Amino acid sequence: MSKLIQEFKEFAVKGNAFDMAVGVIIGGAFGKIVSSIVDDIIMPPIGWLIGGVNFSDLKWTLPAIEIPGVTAPATINYGNFLQTLLDFIIIAFCVFMMVKGINKLSKKKEEKPADPAPDPEPTNEEKLLSEIRDLLKNK
């Protein structure tokens with residue numbers, strides 16, 4: 001049992017577990033923000049342009065079947081599905097743009113030239129040729 005607890009501590013303390021937890025929390029908050037943008041800013045003008053339709057209210061009502069204890073008719077809420085699909089597309093696009101920006105920043109860091117390498121030591125042949133050159137110059 002103590003080995004299991006020790007392994008769990010090692011896992012939980014690793015940076016990847018914390019990074020993942022932070023990502024999930026921020027992703028949930030980000031999803032709420034994007035859903036609000038879609039529901040409160042994007043969809044009202046679209047609904048107004050197509051005649052005041054609220055996508056969440058779109059549904060097909062199935063023919064009534066007598067079922068004891070059930071009073072509400074069965075409906076297929078395709079408008080709610082369209083709303084959720086649009087939310088997903090916008091969230092996926094925003095995440096794509098965010099990842100693309102992060103990748104661009106990381107590439108800039110990688111492309112930054114490192115300190116230039118010092119000139120390599122001349123070989124024995126180069127040293128000898130330099131000496132010969134200097135001797136010929138002095139004559």
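**An extended chain and its one aromatic pair**

Of the 139 residues in this protein, 8% count as buried. The structure is a predicted model, and the values below are computed from its atoms.

The overall dimensions come next. A compact globule of 139 residues would have a radius of gyration near 14 Å, whereas this protein has 33 Å. Measured out along the principal axes, the C-alpha trace spans about 115 × 60 × 25 Å. The accessible surface comes to about 12500 Å², and carbon and sulfur atoms account for 67% of that area.

Turning to the secondary structure, the protein has four helices and two strands, and a reader who follows the sequence meets them in the pattern α-α-β-β-α-α. Contacts also link separate parts of the sequence: among those between residues at least 6 apart, 48% join residues that are at least 24 apart.

The charged side chains can be described as two sets, 15 positive and 17 negative, whose centres lie 4 Å apart.

Finally, there is a detail to look for in the model, since a search of the whole structure finds one aromatic pair. Its members are Trp60 and Tyr78, whose rings lie 4.6 Å apart from centre to centre, with 35° between their planes, and the pair is tilted. Because Trp60 lies in strand S1 (residues 60-61) and Tyr78 in helix H3 (residues 78-111), the pair ties together parts that are 18 residues apart in sequence. Trp60 is exposed, with a relative accessible area of 54%, while Tyr78 is partly exposed, with a relative accessible area of 27%.

Definitions and conventions:
Residues numbered from 1 in each chain as written. Predicted model: local features only at pLDDT ≥ 70, side-chain atom pairs only at ≥ 80, totals over all residues. Heavy atoms only, no water. Rg over C-alpha atoms; globule rule 2.2 N^0.38 Å. Buried < 20%, exposed > 50% of the residue type's maximum accessible area, 1.4 Å probe, protein only. Contact = heavy atoms within 4.5 Å. Areas by Shrake-Rupley, 256 points an atom, 1.4 Å probe, with all protein chains shown as cover. Lys, Arg positive; Asp, Glu negative; His and termini not counted. Charge placed at Lys NZ, Arg CZ, Asp CG, Glu CD. Phe/Tyr/Trp six-rings, centres within 6.5 Å; stacked < 30°, edge-to-face > 60°.
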